[in-house]
Amino acid sequence: MGDAGEGLIDADSRIQERLEEIERERTAKHGPAVRNPELVRALESLRLARTELERQLAATTHERRKAQIAQAIAEIDRRMAETAAAQTAAVSSR
(Lines give C-alpha, C1' and ligand atoms only; values in the text may rest on other atoms or scores of the structure.)
Protein backbone atom coordinates (compact mmCIF):
# COMPACT_ATOMS: atom_id res chain seq x y z
CA MET A 1 0.00 0.00 0.00
CA GLY A 2 2.27 3.04 -0.55
CA ASP A 3 1.99 6.63 0.41
CA ALA A 4 -1.64 6.86 -0.70
CA GLY A 5 -2.69 4.19 1.81
CA GLU A 6 -0.83 5.88 4.62
CA GLY A 7 -2.46 9.18 3.70
CA LEU A 8 -5.90 7.61 3.90
CA ILE A 9 -5.13 6.15 7.32
CA ASP A 10 -3.83 9.52 8.55
CA ALA A 11 -6.90 11.30 7.20
CA ASP A 12 -9.18 8.74 8.84
CA SER A 13 -7.50 9.18 12.22
CA ARG A 14 -7.73 13.00 11.92
CA ILE A 15 -11.44 12.69 11.14
CA GLN A 16 -11.98 10.45 14.18
CA GLU A 17 -10.10 12.89 16.41
CA ARG A 18 -12.18 15.80 15.09
CA LEU A 19 -15.44 13.92 15.65
CA GLU A 20 -14.41 13.18 19.23
CA GLU A 21 -13.49 16.83 19.74
CA ILE A 22 -16.87 17.96 18.40
CA GLU A 23 -18.64 15.54 20.72
CA ARG A 24 -16.69 16.87 23.73
CA GLU A 25 -17.58 20.44 22.76
CA ARG A 26 -21.23 19.53 22.36
CA THR A 27 -21.28 17.87 25.77
CA ALA A 28 -19.59 20.86 27.38
CA LYS A 29 -22.07 23.32 25.81
CA HIS A 30 -25.14 21.46 26.95
CA GLY A 31 -23.82 20.93 30.46
CA PRO A 32 -24.29 17.77 32.43
CA ALA A 33 -26.81 15.25 31.26
CA VAL A 34 -30.21 15.67 32.82
CA ARG A 35 -30.94 12.91 35.25
CA ASN A 36 -34.71 13.08 35.04
CA PRO A 37 -36.01 14.34 31.71
CA GLU A 38 -39.57 14.11 33.02
CA LEU A 39 -38.85 16.94 35.47
CA VAL A 40 -37.42 19.04 32.65
CA ARG A 41 -40.56 18.47 30.56
CA ALA A 42 -42.79 19.33 33.52
CA LEU A 43 -40.88 22.55 34.16
CA GLU A 44 -41.07 23.56 30.50
CA SER A 45 -44.80 22.82 30.45
CA LEU A 46 -45.30 25.04 33.50
CA ARG A 47 -43.30 27.84 31.87
CA LEU A 48 -45.49 27.66 28.77
CA ALA A 49 -48.67 27.67 30.86
CA ARG A 50 -47.42 30.70 32.79
CA THR A 51 -46.68 32.55 29.55
CA GLU A 52 -50.18 31.84 28.27
CA LEU A 53 -51.77 33.01 31.53
CA GLU A 54 -49.72 36.22 31.45
CA ARG A 55 -51.01 36.84 27.93
CA GLN A 56 -54.58 36.27 29.10
CA LEU A 57 -54.06 38.54 32.11
CA ALA A 58 -52.87 41.36 29.87
CA ALA A 59 -55.90 40.97 27.59
CA THR A 60 -58.57 40.60 30.30
CA THR A 61 -60.55 43.57 31.57
CA HIS A 62 -62.91 41.81 33.98
CA GLU A 63 -61.64 42.11 37.57
CA ARG A 64 -62.84 38.69 38.77
CA ARG A 65 -61.20 36.99 35.80
CA LYS A 66 -57.98 38.91 36.49
CA ALA A 67 -58.06 37.65 40.08
CA GLN A 68 -58.56 34.06 38.88
CA ILE A 69 -55.68 34.33 36.45
CA ALA A 70 -53.44 35.88 39.11
CA GLN A 71 -54.24 32.96 41.43
CA ALA A 72 -53.47 30.50 38.64
CA ILE A 73 -50.13 32.21 37.99
CA ALA A 74 -49.31 32.02 41.70
CA GLU A 75 -50.12 28.31 41.69
CA ILE A 76 -47.94 27.74 38.63
CA ASP A 77 -45.10 29.66 40.31
CA ARG A 78 -45.44 27.41 43.36
CA ARG A 79 -45.36 24.27 41.21
CA MET A 80 -42.38 25.59 39.24
CA ALA A 81 -40.48 26.14 42.49
CA GLU A 82 -41.30 22.59 43.64
CA THR A 83 -40.27 21.10 40.30
CA ALA A 84 -37.05 23.11 40.19
CA ALA A 85 -36.22 21.99 43.74
CA ALA A 86 -36.88 18.36 42.80
CA GLN A 87 -34.68 18.74 39.73
CA THR A 88 -31.86 20.27 41.79
CA ALA A 89 -32.15 17.48 44.34
CA ALA A 90 -32.01 14.87 41.57
CA VAL A 91 -28.90 16.43 40.02
CA SER A 92 -27.10 16.90 43.36
CA SER A 93 -27.79 13.32 44.43
CA ARG A 94 -25.43 12.02 41.76
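The following exercises, each with a worked solution, introduce the predicted model shown above.

Residues are numbered from 1 along each chain as its sequence is written. In this predicted model, local features need pLDDT of at least 70, side-chain atom pairs count only at pLDDT 80 or more, totals for chains, interfaces and linings use all residues, and side-chain values use heavy atoms, with hydrogens and water left out.

**Exercise 1. Determine which elements the chain contains and how their mean pLDDT varies.**

Step 1. Helices (H or I, at least four residues) and strands (E, at least two) are DSSP runs, numbered from the N terminus. The chain has three helices and zero strands, and its pattern along the sequence is α-α-α.

Step 2. The predictor's confidence in each residue is given by pLDDT, on a scale from 0 to 100. For the chain the mean is 84, with 82% of residues at 70 or more.

Step 3. The lowest mean pLDDT among the elements, 76, belongs to helix α1 (residues 3-30), and the highest, 93, to helix α2 (residues 37-59).

**Exercise 2. Describe helix α2 by its span, its N-terminal end and its buried residues.**

Step 1. The expected span of a helix is 1.5 Å times one less than its number of residues. With 23 residues, α2 reaches 33 Å from its first C-alpha to its last, close to the expected 33 Å.

Step 2. At the N-terminal end of α2, Asn 36 acts as a cap, with a side-chain oxygen 3.0 Å from the backbone nitrogen of Glu 38.

Step 3. Buried means under 20% relative accessible area, exposed over 50%, and partly exposed in between (1.4 Å probe, protein chains only). The buried residues in α2 include Leu 39, Leu 43, Leu 46 and Leu 53.

Step 4. An α-helix has 3.6 residues a turn, so residues three or four places apart point the same way.

**Exercise 3. Identify the residues of the largest nonpolar core and the elements that supply them.**

Step 1. A nonpolar core is a set of buried Ala, Val, Leu, Ile, Met, Phe, Trp, Tyr and Cys residues joined through side-chain atoms within 4.5 Å. The largest one has seven residues: Leu 43, Leu 46, Leu 53, Ile 69, Ile 73, Ile 76 and Met 80.

Step 2. The elements giving two or more residues to this core are α2 and α3 (63-92). Helix α3 gives the most, with four residues.

Step 3. A contact means heavy atoms within 4.5 Å. Not counting residues up to four places away in sequence, Leu 46 touches Ile 76, Arg 79, Met 80 and Thr 83.

**Exercise 4. Compare the settings of Thr 60, Ala 70 and Thr 83.**

Step 1. Thr 60 lies in the loop between α2 and α3, and counts as buried because its relative accessibility is 17%. The side chain of Thr 60 reaches the backbone oxygen of Gln 56 at 2.6 Å. Beyond four places in sequence, Thr 60 touches Arg 65, Lys 66 and Ile 69.

Step 2. Ala 70 belongs to helix α3 and counts as partly exposed because its relative accessibility is 38%. Ala 70 and Glu 54 are 16 residues apart in sequence, and their C-alpha atoms are 8.5 Å apart in space.

Step 3. Thr 83 is also placed in helix α3; at 13% relative accessibility, Thr 83 therefore counts as buried. Beyond four places in sequence, Thr 83 touches Leu 39, Ala 42, Leu 43 and Leu 46.

Methods
Polar contact = N/O pair within 3.5 Å; in protein donor to acceptor, adjacent residues only side chain to side chain.
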